[in-house]
Amino acid sequence: MGKEIKVTCDSCGEDIYGKKYFTLNIWKVIHGKQTLNPAIYLCPKCFRETKLALLLMDAEDEKSC
């Protein structure tokens, strides 16, 4: 049997498999101990809504979003 891969935006639920998407790895630090939380998958629209695109991307990347 074949396996089906589904990648969806964690914010809006849009299917983003095979398309451009962004992942965010969130680190939690409590009393000096670091924990890596599961990655967050976002479509370009939801990534722009977080305003992180302004901080993390240069002008050339922003035009391609």
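Two aromatic rings of Phe, Tyr or Trp are counted as a pair if their centres lie within 6.5 Å, and planes under 30 degrees apart count as stacked, over 60 as edge-to-face and the rest as tilted. In the structure examined here, which is a predicted model, a search of the whole structure by this criterion finds two aromatic pairs. One of them is formed by Tyr-21 and Tyr-41, whose rings lie 5.7 Å apart, centre to centre, with 45° between the planes, and this pair is tilted. Because Tyr-21 lies in the segment before strand S1 (22-24) and Tyr-41 lies in strand S4 (residues 40-42), the pair ties together parts that are 20 residues apart in sequence. Tyr-21 is partly exposed, at 34% relative accessibility, and Tyr-41 is likewise partly exposed, at 31%.

The other pair is made by Phe-22 and Phe-47, and since their ring centres are 4.1 Å apart and their planes stand at 15°, it is classed as stacked. Phe-22 belongs to strand S1 and Phe-47 to helix H1 (residues 44-49), so that this pair ties together parts that are 25 residues apart in sequence. In terms of accessibility, Phe-22 counts as buried at 15%, and Phe-47 is also buried, with a relative accessible area of 3%.

Both of these phenylalanines, Phe-22 and Phe-47, are members of the largest nonpolar core, which consists of nine residues in all and also includes Val-7, Cys-9, Ile-16, Leu-24, Leu-42, Cys-43 and Cys-46. The elements that contribute two or more residues to this core are S1 and H1. The surroundings of one core member, Leu-42, can be described in further detail: when its neighbours within four places in sequence are left aside, Leu-42 is in contact with Cys-9, Ser-11, Ile-16, Tyr-21, Phe-22, Leu-24, Phe-47 and Thr-50. The contacts of Leu-42 thus include Tyr-21, Phe-22 and Phe-47, residues that were introduced above through their aromatic pairs.

The cysteines were considered next. A search of the whole structure finds zero disulfides. Cys-12 is in no disulfide, and the nearest cysteine sulfur, which belongs to Cys-9, is 3.7 Å away, whereas a disulfide requires two cysteine sulfur atoms within 2.5 Å. Cys-43 is in no disulfide either, the nearest cysteine sulfur being that of Cys-46 at 3.6 Å. The surroundings of Cys-12 and Cys-43 can be set side by side, for Cys-12 is partly exposed, with a relative accessible area of 40%, while Cys-43 counts as buried at 1% relative accessibility.

Charged side chains were examined last. In general, side chains of opposite charge can pair when their charged atoms come close. The structure holds two salt bridges. In one, the side chains of Lys-6 and Glu-4 meet at 3.7 Å, N to O, and both partners are exposed, Lys-6 at 63% relative accessibility and Glu-4 at 65%. In the other, the side chains of Lys-19 and Glu-14 meet at 3.8 Å, N to O. Here Lys-19 is partly exposed, with a relative accessible area of 49%, and Glu-14 also counts as partly exposed, at 35% relative accessibility.

Technical notes: Residues numbered from 1 in each chain as written. Predicted model: local features only at pLDDT ≥ 70, side-chain atom pairs only at ≥ 80, totals over all residues. Heavy atoms only, no water. Buried < 20%, exposed > 50% of the residue type's maximum accessible area, 1.4 Å probe, protein only. Phe/Tyr/Trp six-rings, centres within 6.5 Å; stacked < 30°, edge-to-face > 60°. Helix = DSSP H or I, 4+ residues; strand = E, 2+ residues; numbered from the N terminus. Salt bridge = Lys/Arg side-chain N within 4 Å of Asp/Glu carboxyl O. Core = buried A, V, L, I, M, F, W, Y, C linked by side-chain atoms within 4.5 Å. Contact = heavy atoms within 4.5 Å.
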